Amino acid sequence: MKIYIDGNYYSKEDANVSVFDHGLLYGDGIFEGIRIYNGVIFRLREHLIRLYESARAIMLDIGVTIDTMEHNVCECVRVNEKKDGYIRLIVTRGEGALGIDPSSCKKAIVIIIVGDIQLYPHEYYTKGICLMISSYRRIPSACFDVRIKSLNYLNNILAKIEARQAGCFECILLNTDGHVAECSADNIFIVKNGKILTPSVTEGALDGITRRTVLELAQKSGIETAETTLTRFDCYTADECFLTGTGAEIIPVVSIDNRVIGNGLPGELTQNIIQSFTTFVRSLS
Ligand code: PMP
């Protein structure tokens, strides 16, 4: 594994950053998780646009143009000879003084890790998973806009720990208005009366690349979609439910807080979407 840090490649053992990096000290930085399918980096430009928008929102000067970044990511994938895998692209605020003030950080650090994708158990996709509604609420945009894909994931991590302790793989986070936002590391969709619905990003959801792809694929096949407000009730009474994310792709949900969704099996529309998504990513070359 050859890890890119600021223009140089290092082995896993030698790839280190300073303990004074504000990414470590305060979670001051941003990241992207990107898939490589059959040698093609999936929607790289979209991931980079999201990264650069996150940077703008937190006033982080990445130090290279988006075109150079695109080139560097492609080069790192080539150097690592990965045909199918996962890219973790990180930009930290860089090394600075111990106080939180980022003005002491002179230069952002860019890290690119190209590794293998850790796939979820096959039965998640064939049997579906159970979800719970977290007791944690998604951070409101008045405090922090979660469309910024920042290195500070403690809100998500606490929700994940709670879900795991309750025997669930994932959980739904409501926002402080009680509307569905997203899951701890995935976007959420429900199907109701043949329509595919997902919370709008202003409810506290990341503008997921897989989410966008699913909306596009559904629209192309004539399925009605909407980005809307959803509540706990909408989830409990959904005909179908599924999650989307770069790592997860599309995972069917068969129960929420012990309420069985549909007939307790992955729904028909969900399976169609999984099928079109798989065909779509397999056709990349
Ligand atoms: N929400 C959160 C909080 C995430 O961290 C992610 C990424 N794992 C997603 C949604 C899904 O986004 P994407 O499809 O871009 O991976």
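This is a short tour of a predicted model, going from the ligand to a salt bridge elsewhere in the chain.

**The ligand.** Select the ligand to begin. The ligand occupies the largest pocket. Now show the residues around the ligand: there are 16 of them, and those that come nearest are Tyr-153, Glu-182, Ile-209, Thr-210 and Thr-246. Colour this shell by residue type, and it divides into four nonpolar, eight polar and four charged residues.

**Elements of the shell.** Turn on the cartoon and pick α6 (209–220), which supplies at least two residues of the shell around the ligand. Then pick β13 (240–245), which also supplies at least two.

**Polar atoms at the ligand.** Select Thr-246 and show its side chain. A polar atom of that side chain is 2.6 Å from an oxygen atom of the ligand. Go next to Ile-209, where a backbone N or O atom is 2.8 Å from an oxygen atom of the ligand. At Ala-185, a backbone N or O atom lies 2.9 Å from a nitrogen atom of the ligand. On its own the ligand has 390 Å² of accessible area, and the protein covers 92% of it.

**A salt bridge.** Side chains of opposite charge can pair when their charged atoms come close. The structure holds 20 salt bridges. To see one of them, select Lys-107 and Asp-6, whose closest N and O atoms are 2.9 Å apart. Which parts of the chain does this pair link? Lys-107 is in the loop between β5 (85–92) and β6 (109–115), while Asp-6 is in the loop between β1 (3–5) and β2 (8–10). The two residues are 101 residues apart, so select both loops to view these distant parts of the chain together.

Key. Residues are numbered from 1 along each chain as its sequence is written. This is a predicted model: local features need pLDDT of at least 70, side-chain atom pairs count only at pLDDT 80 or more; totals for chains, interfaces and linings use all residues. Side-chain values use heavy atoms; hydrogens and water are left out. A residue is near a molecule or strand if one of its heavy atoms lies within 4 Å of it. A polar contact is a pair of N or O atoms within 3.5 Å; within protein, one must be able to donate a hydrogen and the other to accept it, and residues adjacent in sequence count only if both atoms are side-chain atoms. Accessible areas come from the Shrake-Rupley method with a 1.4 Å probe; for residues, only the protein chains shown count as cover. On a 1 Å grid over the protein atoms alone, a cavity is a set of points where a 1.4 Å probe fits but cannot get out, and a pocket is an open set with protein on both sides within 12 Å along at least five of seven lines; lining residues have an atom within 4 Å of a point. A molecule sits in a cavity or pocket if more than half of its atoms lie within 2 Å of its grid points. Helices (H or I, at least four residues) and strands (E, at least two) are DSSP runs, numbered from the N terminus. Ala, Val, Leu, Ile, Met, Phe, Trp, Tyr, Cys and Pro count as nonpolar, Asp, Glu, Lys and Arg as charged, and the others, Gly among them, as polar. A salt bridge is a side-chain nitrogen of Lys or Arg within 4 Å of a carboxyl oxygen of Asp or Glu.
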